[in-house]
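Got a minute to go through how some of the labels on this fold are earned? Here is a quick back-and-forth.

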Amino acid sequence: MDYDVVVAGGGPVGLFLAGELRLGGAARVLVVERLAEPDETIKAGGINTAGGVALYRRGMLPDLAAAWERNRWRMRAFLGDRGPDAPRTPPKFAGHFAGIMMRGDLFDDSDPAFTDIGPADGVGLGIPQIELERILGARAERLGVEVRRGVELTGFDTDEDGEDREDGEGGVVVHLADGARIRSGWLVGCDGGRSTVRKLAGFGFPGTEPEITGYQAVVEMTGGERLGKGWNTTDVGTYVNGPFPGRILTVEFDGPPADRSAPVTAEELQAALRRVSGVDEVTIHEVHSSTRFTDNARQADGYRRGRVLLAGDAAHVHSPFGGQGLNLGLGDAMNLGWKLAAVVRGDADESLLDSYTAERHPVGAWVLDWTRAQIAVMRPDRHARALRRVVTDLALTTTGTTYLVKQISGVWQRYELPGAHPLTGHSAPDLELSDGTRLGDHLHAGRAVLLDLADDPKLRARAEEYGDRVDVLTAACPGHPELTALLVRPDGFVAWAADGNERGDDLDDALTRWFVAS
């Protein structure tokens, strides 16, 4: 094998996954990216709570804080700050649903879903996608990932059972546009919504047809003072002005764009903005960054076919409303990375990878429906506008705001794992421990953690045979005296938990389910 894993696509999801593979022990990881340089086109403008927690668990909180500091000027519009200095800490921003802005003062942060999230809450707000890509690219380089830019994957051949090799080792032969042929144990498509890997591997991609043409851009314009600030709904569609000067977004329900890949001109943007806003005085003089989008909502029928897997937009596409796409992809990478690395090391059977689709496919399906619901509320017809008024009334209540924030933030996510404890399957609480550390501090190495909160040598002995696959940590947690132990997977999700004197015979089941003894 030339490589253990080839990752097609060097965006944030591909780079994060590659780093997770190296962290998990895959020795040779290659990322191939079609673009010669990172794409600075305006895209996602931040990560949600679930995405921030994932990066915090890998020690990237200082990087996120520094990126926010570099981009804090973008947040002034949220706070009405027009002075030379923007706030030094991320603001409490409740978000929006279909352009219906939620009020931060109505958000009940005492809701149990937001308990023990830790310092990552809100840190990713306002960080542009290109900044996150730079952070993840630097991390991948530090971890020893090889990244080849300006190299496009054009095809691949699979040899599942190694029939064509003397050593009987299965794999994938990846074909690159420069004529190179690379043999890899596994191939992961992180190559976007029009994924070459997905198409060539034969994944089904069912879903719903698009209704809208949308534009997002950063421009120089005059007449912008006539535009409403923030999200605006009109008889034609929706437009956004802000949150920083020159950033605009328009949505029209006139079908999908004829050619999403054609360059977006100033005239095209100006015409769309005038149509939707009704402000004919607005004139766009220069376009700094722009993109078209639509609401095509589709999901691969599975995330694995033999030695080929999908993650990120290659596995699911949808409209950008609610900022779910990047966060969904980061969750895919966090879930898949440690599992595929364990298979590559020979420490797990390939059947472990079945849990990747089982756990992440339902999350992706939920996100698609979440974005479809927003499209339904944004339509300009009378039925949709009536529905929008009802949703607005509900959103502007404490219960409604808190519900919507829970969905947007991703804190609702839970995997269906065996075990009766209410924490099982949930993202682990970021417990404050008696030694001054937090649980998240002990997940930086990408290994599982058995947290012994009752100083129980018998409990610790049950994990000894798993060697360096499971770190054992003994500490007290005064804030949660009811908890006696947690088994946390490398992705930060609880595989097993116990209260009081309960130890649970299912700890052994959880250990053997996810890890192989030495």
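**How the labels are earned**

Q: Where is Pro243 found?
A: Pro243 sits in the loop between E12 and E13. Keep in mind that this is a predicted model.

Q: What makes the peptide bond from Gly242 to Pro243 worth a look?
A: The bond is cis, with omega near 10°. Most peptide bonds are trans.

Q: How do you know that E12 and E13 are paired?
A: Two strands pair if DSSP finds at least two bridges between them. Strand E12 (residues 237–241) and strand E13 (residues 247–252) have five, in the antiparallel sense. As a landmark, Val240 stands opposite Leu249 in E13.

Q: What sheet do these strands belong to, and in which order do its strands run?
A: It's an open sheet of five strands, ordered E11-E12-E13-E10-E14, and the pairing is antiparallel.

Q: Why are E11 and E14 called edges?
A: Strand E11 (230–233) and strand E14 (283–293) each have a single partner strand, so one side of each has no neighbour in the sheet. From one strand to the next, the twist averages 20°.

Q: Which helix packs on that sheet, and which strands does the helix touch?
A: That's helix H7 (residues 266–277), which touches strand E10 (213–222), E12, E13 and E14. The direction of H7 makes about 85° with that of E14.

Q: Why is H1 called roughly parallel to H5?
A: The axes of helix H1 (residues 12–23) and helix H5 (residues 129–142) cross at roughly 25° and come within 9 Å. Angles under 35 degrees count as roughly parallel, so H1 is roughly parallel to H5. The crossing of H1 and H5 is left-handed.

Q: Which residues make the contact of H1 with H5?
A: From H1 you get Pro12, Leu15, Phe16, Gly19, Glu20 and Leu23. H5 brings Gln129, Leu132, Glu133, Leu136, Gly137, Arg139 and Ala140. Sorted by type, the residues of this contact are seven nonpolar, three polar and three charged.

Q: Why is Ala98 called buried?
A: Buried means under 20% relative accessible area. Ala98 has 0%, so the label fits. Ala98 lies in the loop between strand E3 (96–97) and strand E4 (100–101).

Q: What makes the phi of Ala98 stand out?
A: Most residues other than glycine have a negative phi. For Ala98, phi is positive, near 55°.

Q: Asp455 also has a positive phi, near 50°, but is Asp455 buried or exposed?
A: The cut-off for exposed is over 50%. With a relative accessible area of 53%, Asp455 is therefore exposed. Asp455 belongs to the loop between strand E19 (448–452) and helix H12 (457–464).

Q: In what order do the strands of the sheet with E19 run?
A: This open sheet has four strands, in the order E20-E19-E21-E22, and the pairing is mixed.

Q: Why do E20 and E22 count as edges?
A: Strand E20 (470–474) and strand E22 (494–499) have a single partner strand each, so one side of each is left without a neighbour.

Q: How do you know that E21 and E22 pair?
A: The bar is at least two bridges. Strand E21 (residues 483–488) and E22 are joined by five and run antiparallel. Leu487 is opposite Trp496 in E22.

Q: Which helix lies across E19, E20, E21 and E22?
A: Helix H13 (residues 506–514), running at about 165° to E22.

Note on methods
Residues are numbered from 1 along each chain as its sequence is written. This is a predicted model: local features need pLDDT of at least 70, side-chain atom pairs count only at pLDDT 80 or more; totals for chains, interfaces and linings use all residues. Side-chain values use heavy atoms; hydrogens and water are left out. Axes are lines fitted to C-alpha atoms, for helices over the stretch in contact, and angles run from 0 to 180 degrees between N-to-C directions. Helices (H or I, at least four residues) and strands (E, at least two) are DSSP runs, numbered from the N terminus. Angles under 35 degrees count as roughly parallel, over 145 as roughly antiparallel, 65 to 115 as roughly perpendicular and the rest as oblique. A crossing is left-handed if the near helix is turned anticlockwise from the far one by less than a right angle, and right-handed if clockwise. Contact means heavy atoms within 4.5 Å. Ala, Val, Leu, Ile, Met, Phe, Trp, Tyr, Cys and Pro count as nonpolar, Asp, Glu, Lys and Arg as charged, and the others, Gly among them, as polar. Buried means under 20% relative accessible area, exposed over 50%, partly exposed in between (1.4 Å probe, protein chains only).
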